[in-house]
Structures are given as structure tokens and as C-alpha cells.
Amino acid sequence: MTSRIPAKAAATYRMMPGKARFHLEAAMRELEASLEDMFVLRFMTKLSKEHDVLTFVTANNNRVMRIQPPLVLTMEEADRFLVAFRAVRADLATFEA
């Protein structure tokens, strides 16, 4: 669909019929509401696949990540987690530091 819309999205939006704008706005609200959940899942996936860090979402909130460290955690393991967390954070950052 986006490939068929003219380049100026704001102008295209203004020319849309009211019913189309209404539905587009509803779809955008739903998308915005799910972005936090999708970000947490993406963050967890990168930690798991790229750094072998075991993570889960909490039982009652998809926006809270739970890590599963070993029962006996060494400083090296804690440092490895921090390095992995920083790397994923930097990779997914939308703002430059």
C-alpha cells in the first residue's frame, strides 16, 4: 500500500476521504499502543540470539523483561550481561548519544 501512496504523506492524508482518515488514525493508535511491547520483544530476541542471554517477559506485563541469571553468578557473568545489554541498547537506540 505504501508504494502506491504519493511521496508527500501529509498531503495525501489531507486529500483522503474522512472515512479513510478515521480508519488510518485508528490503525495508527493501535500500532502506537503496541510499539512498546514490540520493542521489548525485539530487545529480548537480540539478547538471546546474539548474546545467549536467557530472558522472558513477566507473567502480567509484556513490557517488563525478566532475566534468568544462574543461581551462582560470577562477576564475569554479570559483566558479560552488562556488555550484552549495552550492545543491544546501542543497536536499537533511535537517538544518538
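In the predicted model, K46 counts as buried, since its relative accessibility is 5%, a value that falls under the 20% limit used for burial. K46 belongs to helix α2, and two salt bridges of this residue can be described in turn. One of them is formed with E50, with a distance of 2.8 Å from N to O. Because E50 and K46 are four residues apart in helix α2, about one helical turn separates them. E50 is partly exposed, with a relative accessible area of 49%.

The other salt bridge joins K46 to D91, the closest N and O atoms being 2.6 Å apart. D91 lies in helix α3 and K46 in helix α2, so this pair ties together parts of the chain that are 45 residues apart in sequence. D91 counts as partly exposed, at 48% relative accessibility. The surroundings of K46 also include contacts beyond its sequence neighbours: when residues within four places are left aside, K46 is in contact with H51, V88, D91 and L92. For K46 and V88, which are 42 residues apart along the chain, the C-alpha atoms are separated by 6.6 Å.

The overall fold comprises three helices and two strands, arranged along the sequence in the pattern α-α-β-β-α. Of the 97 residues in the protein, 13% are buried. The accessible surface comes to about 8100 Å², and carbon and sulfur atoms account for 61% of this area. Among the contacts with a separation of 6 or more, 42% are made by residues 24 or more positions apart.

In soluble globular proteins, nonpolar side chains tend to be buried together. In the present model, the largest nonpolar core consists of six residues, namely F43, L47, V53, A84, V88 and L92. Helix α2 and helix α3, the latter spanning residues 75–92, each supply at least two residues of this core. The largest contribution comes from α3, which gives three residues. V88, one of the core residues, is in contact with F43, K46, L47 and H51 when neighbours within four places in sequence are left aside. The contacts of V88 thus include the core residues F43 and L47 as well as the buried residue K46.

The two strands form a further element of the structure. Strand β1 (residues 55–58) pairs with strand β2 (residues 61–67) in the antiparallel sense, over four bridges. A hairpin of two residues joins β1 to β2. Within this pairing, F56 stands opposite R66 in β2. T55 is placed in strand β1 and is buried, with a relative accessible area of 10%. Apart from residues up to four places away in sequence, T55 touches M44, L47, M65, R66 and I67. Among these partners, M65, R66 and I67 fall within the residue range of strand β2, while L47 is a member of the largest nonpolar core.

The structure holds four salt bridges. Besides those of K46 described above, one is formed between D37 and R63, whose closest N and O atoms are 2.9 Å apart. This pair links distant parts of the chain, as D37 lies in helix α2 and R63 in strand β2, 26 residues apart. Both partners are partly exposed: D37 has a relative accessible area of 22%, and R63 has a relative accessible area of 38%. The salt bridge between D91 and K46 likewise connects two elements, helix α3 and helix α2. Salt bridges that share partners also join E36, D37 and R63 into one network.

Nonpolar residues occur on the surface as well. M28, L31, L35 and M38 form a nonpolar patch there, with about 330 Å² of accessible area together. L31, one of the residues of this patch, lies in helix α2, which covers residues 18–51. At 38% relative accessibility, L31 counts as partly exposed. Helix α2 therefore holds both the partly exposed L31 and the buried K46, and it also supplies residues to the largest nonpolar core.

Terms used. Residues numbered from 1 in each chain as written. Predicted model: local features only at pLDDT ≥ 70, side-chain atom pairs only at ≥ 80, totals over all residues. Heavy atoms only, no water. Patch = residues over 30% accessible without salt bridge, like charges linked within 9 Å, V, L, I, M, F, W, Y side chains within 5 Å. Areas by Shrake-Rupley, 256 points an atom, 1.4 Å probe, with all protein chains shown as cover. Salt bridge = Lys/Arg side-chain N within 4 Å of Asp/Glu carboxyl O. Buried < 20%, exposed > 50% of the residue type's maximum accessible area, 1.4 Å probe, protein only. Pairing = 2+ DSSP bridges. Contact = heavy atoms within 4.5 Å. Core = buried A, V, L, I, M, F, W, Y, C linked by side-chain atoms within 4.5 Å.
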